Amino acid sequence: MAALLLREIVDSFCLTVVDKNCNLNVPVEVSDINRPGLALAGYLQHFDEQRIQVIGTAESAFLETLSENLATERWLSFINLHFPCLVITRNIILPERWLQLAANRQLPVFRTRLATTRFIAQLTNYLEHKLAPSTTLHAVLVDVHGVGTLIIGESGIGKSETALDLIKRGHRLVADDAVEVTCTEENVLTGTAPEVLRHVMEVRGLGILNVKALFGIGAVRPNQKIHLVIQLEEWDQAKAYDRLGLDEEHHEILGVGLPCKTIPVRPGRNLSNIIEVAAMNYRLNKSGYNAVEDFIEKQRKFCLGNAPE
Amino acid sequence: MIEIQVTITNTSGLHARPAAQFVQKAATFKSKVKIAANNKVADGKSILAVMSMGLKQNTQITITTEGEDEKECSKALEDMIKSNFGEE
């Protein structure tokens with residue numbers, strides 16, 4: 001499970017750290033956020049200790065309606081629960097001794113000038129992105145006619161060469177050789193290049209090339225949703241390759257099944273051409289037209305028409 | 001499948017030339033080669049993937065080889081790292 005340190009959140013959101021001595025190396029493991037209204041009202045059951053707590057106008061105004069003793073008592077029982085950190089929005093000023101109590105039990109407290117809902121929305125987005133399951137694949141990711149096409153296959157089979165050909169045809173490179181894949185939403189995989197490898201590719205015999213410098217900004221893109229997997233493999237005489245396109249093969253990455261086409265490599269086969277067509281066919285299928293079904297239906301009628309009386 | 005752990009000892013780590021040497025050596029074998037370190041895994045036959053790991057001196061890496069010549073492959077790569085890639 002991925003984890004994020006408080007330090008990174010503080011830096012990304014420019015949060016003010018109330019007690020400079022607090023420990024910022026605490027990990028945050030869930031993207032859920034809680035407004036502790038119920039806890040401050042005295043209900044402490046079902047409190048998720050992994051969540052970041054956010055206090056806004058409503059919570060602080062509520063505490064002000066309580067008598068001083070009761071408010072302090074509620075505050076104490078709240079901060080004695082375990083949670084990664086507390087964020088106070090709209091730069092609301094809480095009583096100094098409350099903050100001191102939090103500091104005493106080493107609870108990191110931050111402040112932001114953002115409004116509560118806005119801050120929660122931004123933080124949720126950020127956390128979901130940062131905490132999403134991810135993996136690095138040995139593959140090439142190209143945007144072909146808007147279809148995120150992941151080319152996989154053994155080392156030396158010609159993935160980069162095929163990608164280069166696709167770029168020359170006007171398609172866009174996302175990542176060569178190492179693709180960082182993140183599952184940001186349910187069943188959605190996004191690929192990007194590791195920072196050092198951005199826009200760079202390696203072609204045997206030429207070495208390392210910078211695609212952006214060679215072909216321009218239009219030939220690259222920073223990230224892309226992955227729609228289709230193309231598996232390149234050496235032509236195996238004994239293996240039966242798909243002739244109709246009826247069988248839907250799937251390739252699983254991070255638990256998400258993606259449609260996959262296995263393309264045999266043999267001299268004389270123009271791979272970039274085939275991949276371009278595979279991407280167009282994918283779009284055609286998505287738009288509701290399936291050539292195979294259409295053809296098979298026609299052929300079935302044809303057979304029926306020829307049936308003896 | 002063979003898994004070995006090696007510590008990178010050469011001063012500059014797996015930067016350009018050592019990485020290229022490593023990948024070239026790996027590519028002479030039929031076995032699949034994977035390098036794992038710092039929670040990342042890279043294909044040991046891909047120069048960019050290996051370089052993107054940013055492996056410094058004193059990093060411990062795990063090399064996994066799998067295939068008909070896995071023994072020889074594993075040995076050759078281990079020797080290469082231990083010899084500091086011919087650096088001083």
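## Helix α7 and A:S160

A:S160 lies in helix α7 of chain A. The model described here is predicted. At 9% relative accessibility, A:S160 counts as buried, because the cut-off for that class is under 20%. Leaving aside neighbours within four places in sequence, A:S160 is in contact with A:V140, A:D176, A:M201 and A:E202.

The helix around A:S160 runs over residues 159-168 of chain A, and seven of its 10 residues are buried, so α7 is largely enclosed by the rest of the structure. The buried residues are A:K159, A:S160, A:T162, A:A163, A:L164, A:L166 and A:I167. After the helix comes A:G170, which has a positive phi, near 100 degrees.

## The annotated binding site

Which residues does UniProt list under "binding site" in chain A? The unreviewed entry places this feature at A:S160 and A:E202. The two span 43 residues in sequence, yet their C-alpha atoms are not more than 6.8 Å apart, so they gather at one spot.

A:E202 belongs to strand β14 of chain A. With a relative accessible area of 13%, A:E202 is buried. Not counting residues up to four places away in sequence, A:E202 touches A:S160, A:D176, A:D177, A:G207 and A:I208 in chain A, as well as B:I47 and B:L48 in chain B. A:D176 appears among the contacts of A:S160 and also among those of A:E202. The side chain of A:E202 also meets that of A:R204 in a salt bridge, at 3.5 Å from N to O. A:R204 is partly exposed, at 47% relative accessibility.

## Two annotated domains in chain A

From an unreviewed UniProt entry comes the feature "domain: HPr(Ser) kinase/phosphorylase N-terminal", placed at residues 6-127 of chain A. This span is 44% helix and 13% strand, and its end C-alpha atoms lie 11 Å apart.

UniProt also places "domain: HPr kinase/phosphorylase C-terminal", again from an unreviewed entry, at residues 130-298 of chain A. Here the chain is 24% helix and 38% strand. The end C-alpha atoms of residues 130-298 are 50 Å apart.

## Where chain A meets chain B

How many residues does each chain bring to the contact? Chain A gives 15 residues and chain B gives nine residues. About 930 Å² of area is buried between the two chains, and carbon and sulfur atoms give 65% of that area.

Side chains of opposite charge can pair when their charged atoms come close. Between chain A and chain B the count is one salt bridge. A:E154 forms a salt bridge with B:K32, and the closest N and O atoms are 3.6 Å apart. Strand β14 (residues 200-203) gives the most to the side of chain A that touches chain B, with three residues. Two residue pairs are in polar contact between the chains. The model scores ipTM 0.76 and pTM 0.76.

## Salt bridges within chain A

Over all chains, the structure holds 15 salt bridges. One of them joins A:R35 and A:E59, with the closest N and O atoms 2.9 Å apart. This pair links distant parts of the chain: A:R35 is in the loop between β4 (33-34) and α2 (37-40), while A:E59 is in helix α3 (residues 57-65), 24 residues apart. Are the partners buried or exposed? A:R35 is partly exposed, with a relative accessible area of 32%, whereas A:E59 is buried, at 6% relative accessibility.

The side chains of A:K239 and A:E233 meet in another salt bridge, at 3.0 Å from N to O. A:K239 counts as partly exposed, at 36% relative accessibility. Salt bridges that share partners also join A:D32, A:D48 and A:R51 into one network.

## A buried leucine in chain B

Chain B averages a pLDDT of 90, and 99% of its residues score at least 70. B:L77 has its place in helix α3 (residues 70-82) of this chain. B:L77 is buried, with a relative accessible area of 0%.

Which residues are in contact with B:L77, leaving aside its neighbours within four places in sequence? They are B:F22, B:K25, B:A26, B:V33 and B:I63. The C-alpha atom of B:L77 is separated by 9.8 Å from that of B:T65, which is 12 residues apart from B:L77 along the chain.

How values were computed: Residues are numbered from 1 along each chain as its sequence is written. Chains are lettered from A and ligands numbered from 1 in the order in which they are written. This is a predicted model: local features need pLDDT of at least 70, side-chain atom pairs count only at pLDDT 80 or more; totals for chains, interfaces and linings use all residues. Side-chain values use heavy atoms; hydrogens and water are left out. Buried means under 20% relative accessible area, exposed over 50%, partly exposed in between (1.4 Å probe, protein chains only). Helices (H or I, at least four residues) and strands (E, at least two) are DSSP runs, numbered from the N terminus. UniProt positions are given in the numbering used here, feature names are shortened, and annotations may be inferred rather than shown by experiment. Contact means heavy atoms within 4.5 Å. pLDDT is the predictor's confidence in each residue, from 0 to 100. Buried area is the accessible area (1.4 Å probe) that two parts lose on being put together, summed over both. A salt bridge is a side-chain nitrogen of Lys or Arg within 4 Å of a carboxyl oxygen of Asp or Glu. A polar contact is a pair of N or O atoms within 3.5 Å; within protein, one must be able to donate a hydrogen and the other to accept it, and residues adjacent in sequence count only if both atoms are side-chain atoms.
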